[in-house]
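Here is a short round of questions and answers for someone meeting this structure for the first time. Keep the view open while you read.

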Amino acid sequence: MIEDFFEQLGEWTWIVIGLVLLVLEIFLTLPGSLFLFTGIAAIIIGASALLFDWAWQFQLVGFAVLSLVLVVLGHRFFALPGKDEDDVGLNERATRLIGTSCVLVEPIIGGHGRVKVGDSTWGVTGSDAPAGAKVRIVSADGAALHVELEQPA
């Protein structure tokens with residue numbers, strides 16, 4: 001029964017399946033490019049089946065192997081590059097501030113105060129210090145920054 005089904009499909013079916021997969025890749029916004037590479041594999045198998053007479057079992061195995069190879073190679077050569085050092089903490093602004101020197105705009109009293117960084121102020125924790133003291137951001141926990149007094153040079 002399955003054998004008859006695949007024999008009736010013919011070689012053009014692979015090309016149609018490949019085109020359908022390519023259209024799905026265009027309209028579905030999924031991460032990765034699985035439909036793209038499997039669609040290309042189906043079109044290649046369809047074209048080779050038009051040129052060479054080979055059994056449907058070999059076509060299925062060829063499709064599976066070619067799909068796997070194209071997905072691996074495609075992701076290897078066309079994937080987005082890994083994180084650059086500039087991207088560390090891209091969406092974690094507080095983490096990007098670690099190591100920055102700033103001035104207290106409100107004194108640290110009872111372990112809590114505020115600093116001005118750029119055009120915004122941030123809540124900080126640390127040892128008590130007067131307003132105007134120069135501090136360095138040493139860590140971040142969410143939006144709270146932990147600071148230490150800078151030693152005069």
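**Helices first, then strands**

Helix α3 (residues 34-51) has 18 residues, which at 1.5 Å a residue should span 26 Å, and the 26 Å between its end C-alpha atoms agrees. This is a predicted model.

Q: Which helices do the buried residues of α3 pack against?
A: The buried residues of α3 are F37, T38, G39, A41, A42, I45, G46, S48 and A49. These buried residues of α3 pack against α2 and α4.

Q: Is L51 buried or exposed?
A: L51 lies in helix α3. Exposed means over 50% relative accessible area. L51 has 68%, so L51 is exposed.

Q: What distance separates the C-alpha atoms of L51 and E11?
A: L51 belongs to helix α3. Along the chain, L51 and E11 are 40 residues apart. In space, their C-alpha atoms are separated by 9.5 Å.

Q: Is S67 buried or exposed?
A: The place of S67 is in helix α4. Buried means under 20% relative accessible area. S67 has 8% relative accessibility, so S67 counts as buried.

Q: Which residues does S67 touch, not counting residues up to four places away in sequence?
A: S67 sits in helix α4. Leave out residues up to four places away in sequence, and S67 touches T38 and A41.

Q: How many Å does helix α4 reach from its first C-alpha to its last?
A: Helix α4 covers residues 56-78, which is 23 residues. At 1.5 Å a residue, 33 Å is expected. The reach from first C-alpha to last is close to that, at 31 Å.

Q: Which residues of α4 are buried?
A: Buried means under 20% relative accessible area. In α4, the buried residues are W56, Q59, G62, F63, S67, L70, V71 and G74.

Q: How many Å does helix α2 reach from its first C-alpha to its last?
A: Helix α2 takes in residues 12-27, a run of 16 residues. The span expected at 1.5 Å a residue is 22 Å. The model comes close to it, with 23 Å.

Q: Which residues of α2 are buried?
A: The buried residues of α3 pack against α2 and α4. Helix α2 has buried residues too: T13, W14, I15, G18, L21 and E25.

Q: In what order do the elements of the chain run from the N terminus on?
A: The secondary structure comes to five helices and five strands. From the N terminus on, the elements run α-α-α-α-α-β-β-β-β-β.

Q: What order do the five strands take in the closed barrel?
A: The strands form a closed barrel with mixed pairing. From one strand to the next, the twist averages 50 degrees. Around the barrel, the order is β1-β2-β3-β5-β4.

Q: How many bridges join strand β4 to strand β5?
A: Strands of a sheet pair through backbone hydrogen bonds, either parallel or antiparallel. Strand β4 (residues 134-141) and strand β5 (residues 144-149) run antiparallel. In this pair, V135 has L149 as its bridge partner, and S139 stands opposite H146. The number of bridges joining β4 to β5 is six.

Q: Which residue takes a positive phi in the hairpin of β4 and β5?
A: The hairpin of β4 and β5 has two residues between the strands. The positive phi, near 70 degrees, is taken by G142.

Q: Which residue of β4 is the bridge partner of S101?
A: Strand β1 (residues 101-109) pairs with β4 in the antiparallel sense over three bridges. C102 stands opposite V135 in β4. The bridge partner of S101 is R136.

Q: Which residue in β2 stands opposite E106?
A: Four bridges join β1 to strand β2 (residues 112-117), and the two run antiparallel. They form a hairpin with two residues between them, where G110 in the turn has a positive phi of about 65 degrees. Opposite E106 in β2 stands R114.

Q: What percentage of the residues in the chain is buried?
A: The accessible surface of the chain comes to about 10500 Å², and 65% of it belongs to carbon and sulfur atoms. The chain has 153 residues. Buried residues make up 28%.

Key
Residues are numbered from 1 along each chain as its sequence is written. This is a predicted model: local features need pLDDT of at least 70, side-chain atom pairs count only at pLDDT 80 or more; totals for chains, interfaces and linings use all residues. Side-chain values use heavy atoms; hydrogens and water are left out. The expected span of a helix is 1.5 Å times one less than its number of residues. Buried means under 20% relative accessible area, exposed over 50%, partly exposed in between (1.4 Å probe, protein chains only). Two strands pair if DSSP finds at least two bridges between them. Axes are lines fitted to C-alpha atoms, for helices over the stretch in contact, and angles run from 0 to 180 degrees between N-to-C directions. Accessible areas come from the Shrake-Rupley method with a 1.4 Å probe; for residues, only the protein chains shown count as cover. Contact means heavy atoms within 4.5 Å.
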